[in-house]
Amino acid sequence: MRRERGAVLLVALAVLSALVGTMAVIASNQRVAIKAQINRGQEVRARLAAEAGIQRALAELQLYVDAGQVSTATLADDWAILGTEGGEKFVLQANSYRMQIVDGSSLININTASQEQLERMPLTSEQIDSLLDWRSAELEARPEGAKDEYYNSLEVPYNAKLRRFDSLDELILVKGFTARAVFEPQEDVEFGSFLVTGPNGEIPAIADVSVIDSRSSNVGADGQAKLNVNTASAQQMVQRGIPNNIATAIVQRRNTQGTFTQLGDVLRVQGVNAQNAAAIVDNLWISGATTVEGRINVNTASELVLSTLPGMEPDVAAAIVGRQNTAVQSLSELLSIPGFGLEVLQQTVDRLTTGTQVFLVRVIGVAGDTQVALQATLVIDAEGPNVLKIERMPFENM
């Protein structure tokens, strides 16, 4: 009998132990499910908080448009100060967000940057050739670049894009680039003396100085559309303040050597000097376009970015940055900056602007322990500021 009772007791203990184990597993699974549900809820709330930041930026930029000063964008504007470059916390009940608005024209547009400009960036010759090959419709590869033949031979084959970049992440697909090369400073690149390093002497990451969308208004400081130098008559130019002999020389140069492809070439016409060059850069352009892509805003760009422009020496770039506390209203005002003479203007005028129409809004939404980082590209058009695209960033702290 004792043996039977002992056996029954052992069975009961085994069953009880199994039940306890089962309950523990169920409880653990419930905890995991509850935690997952909480995380999903926090993820949603954090994203909504980040999107609220984007809406706040849209409202701020609408005020900027309403003020009627879109031809000039500076670091002293309210949109630039908003959020204290991500240092200010905006609270939304239990959630919050931090934000920063960046002028797209303060960075280097990799869709329009010339080879000369790319050579002044922290890039290897292989990366430069491959980047140009990726965005170019030409089928022949550069010496160190790549087209379909290279990409088709990879373990996971694909074709070269042969058109503009849609995101900075896309660089990772290009020969010579990796995620580390895009988002972290490169250590194996030889730089010329023209490269300006960051505030602590560090080499910048490509993502820190690059953008894929940037455009600016192509109007004079008075808001008037610029004349097309390739179609305007000498009389029309004179009416814009250009001396008659210079206007005549421009027309003669156009008739004998063909249309101008760069405004810098207009400044090289015989007779142009620092005095009459001002009227040319403020009133003429090489087409009738009211917006231009890829120009760098002298009022918001860093010394590092400005120094990537061919013809822009670091001391001149530093002088421009030193002038940013007093907004440059028109490109002709650059001629008053020490070191920025006619020759520098000839080399850089086609790459410079004083305003912008594209802004990057970087927002980090927070809910509980969860953060969501978004970057919105906002474009100012005839209807005001609008969202071009919103991207989820691969890292939480931008």
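What follows is a friendly conversation about a predicted model of a protein.

Trainee: How many helices and strands are there in the protein?
Mentor: Let's begin with the whole chain. Buried residues make up 47% of its 398 residues. As for regular elements, the protein has 14 helices and 13 strands.

Trainee: What share of the contacts with a separation of 6 or more comes from residues 24 or more positions apart?
Mentor: Good thing to ask about a folded chain! Here we count contacts between residues with a separation of 6 or more, and look for partners 24 or more positions apart. Their share is 63%.

Trainee: Which helix gives the most to the largest nonpolar core?
Mentor: That core has 67 residues, and Ile250, Ile280 and Phe340 have the most contacts inside it. The helix you are after spans residues 244-257 and gives 5 residues. Its name is H9.

Trainee: Which residues does Ile250 touch, leaving out those up to four places away in sequence?
Mentor: Ile250 is among the residues with the most contacts inside the largest core. Once we set aside residues up to four places away in sequence, its partners are Val229, Met237, Phe260, Val266, Val269, Ile280 and Leu284.

Trainee: How many residues are in the second, separate core?
Mentor: This core includes Leu61, Ala73, Phe359 and Ile380. Its total is 24 residues.

Trainee: Is Asn255 buried or exposed?
Mentor: Asn255 is found in helix H9. Asn230 is 25 residues away from Asn255 in sequence, with 9.4 Å between their C-alpha atoms. To classify Asn255, recall that a residue over 50% relative accessible area counts as exposed. Asn255 has a relative accessibility of 60%, so the word for it is exposed.

Trainee: Why is helix H4 described as largely enclosed by the rest of the structure?
Mentor: Look at residues 125-135, which form H4. Its buried residues include Leu131, Leu132 and Trp134, along with Asp129 and Arg135. What covers them includes helices H3, H5 and H6. The helix is called largely enclosed because the buried count is 9 of the 11 residues.

Trainee: Which helix gives the largest share of the lining of the second largest pocket?
Mentor: About 350 Å³ of space lies in that pocket. Of the 17 residues that line the pocket, Ser114, Gln262, Gln347, Asp350 and Arg351 are the closest to its centre. Two elements give two or more residues to the lining: strand S8 (291-293) and helix H14 (342-348). The largest share, 3 residues, comes from H14.

Trainee: How many nonpolar, polar and charged residues does the lining of the second largest pocket have?
Mentor: We can sort the lining residues by class. For this pocket, the lining has 5 nonpolar, 6 polar and 6 charged residues.

Trainee: What is the phi of Gln93 near?
Mentor: Most residues other than glycine have a negative phi. Gln93 sits in the loop between strands S1 and S2, and it is exposed, with a relative accessible area of 79%. Its phi is positive, near 55°.

Trainee: And where is Leu162 found?
Mentor: Leu162 is not a glycine, yet its phi is positive, at about 65°. With a relative accessible area of 23%, Leu162 is partly exposed. Its place is the loop between H5 and H6.

Technical notes. Residues are numbered from 1 along each chain as its sequence is written. This is a predicted model: local features need pLDDT of at least 70, side-chain atom pairs count only at pLDDT 80 or more; totals for chains, interfaces and linings use all residues. Side-chain values use heavy atoms; hydrogens and water are left out. A nonpolar core is a set of buried Ala, Val, Leu, Ile, Met, Phe, Trp, Tyr and Cys residues joined through side-chain atoms within 4.5 Å. Buried means under 20% relative accessible area, exposed over 50%, partly exposed in between (1.4 Å probe, protein chains only). Helices (H or I, at least four residues) and strands (E, at least two) are DSSP runs, numbered from the N terminus. Contact means heavy atoms within 4.5 Å. On a 1 Å grid over the protein atoms alone, a cavity is a set of points where a 1.4 Å probe fits but cannot get out, and a pocket is an open set with protein on both sides within 12 Å along at least five of seven lines; lining residues have an atom within 4 Å of a point. Grid points are joined across faces, edges and corners, and a volume is the space filled by probe spheres set on the points. Ala, Val, Leu, Ile, Met, Phe, Trp, Tyr, Cys and Pro count as nonpolar, Asp, Glu, Lys and Arg as charged, and the others, Gly among them, as polar.
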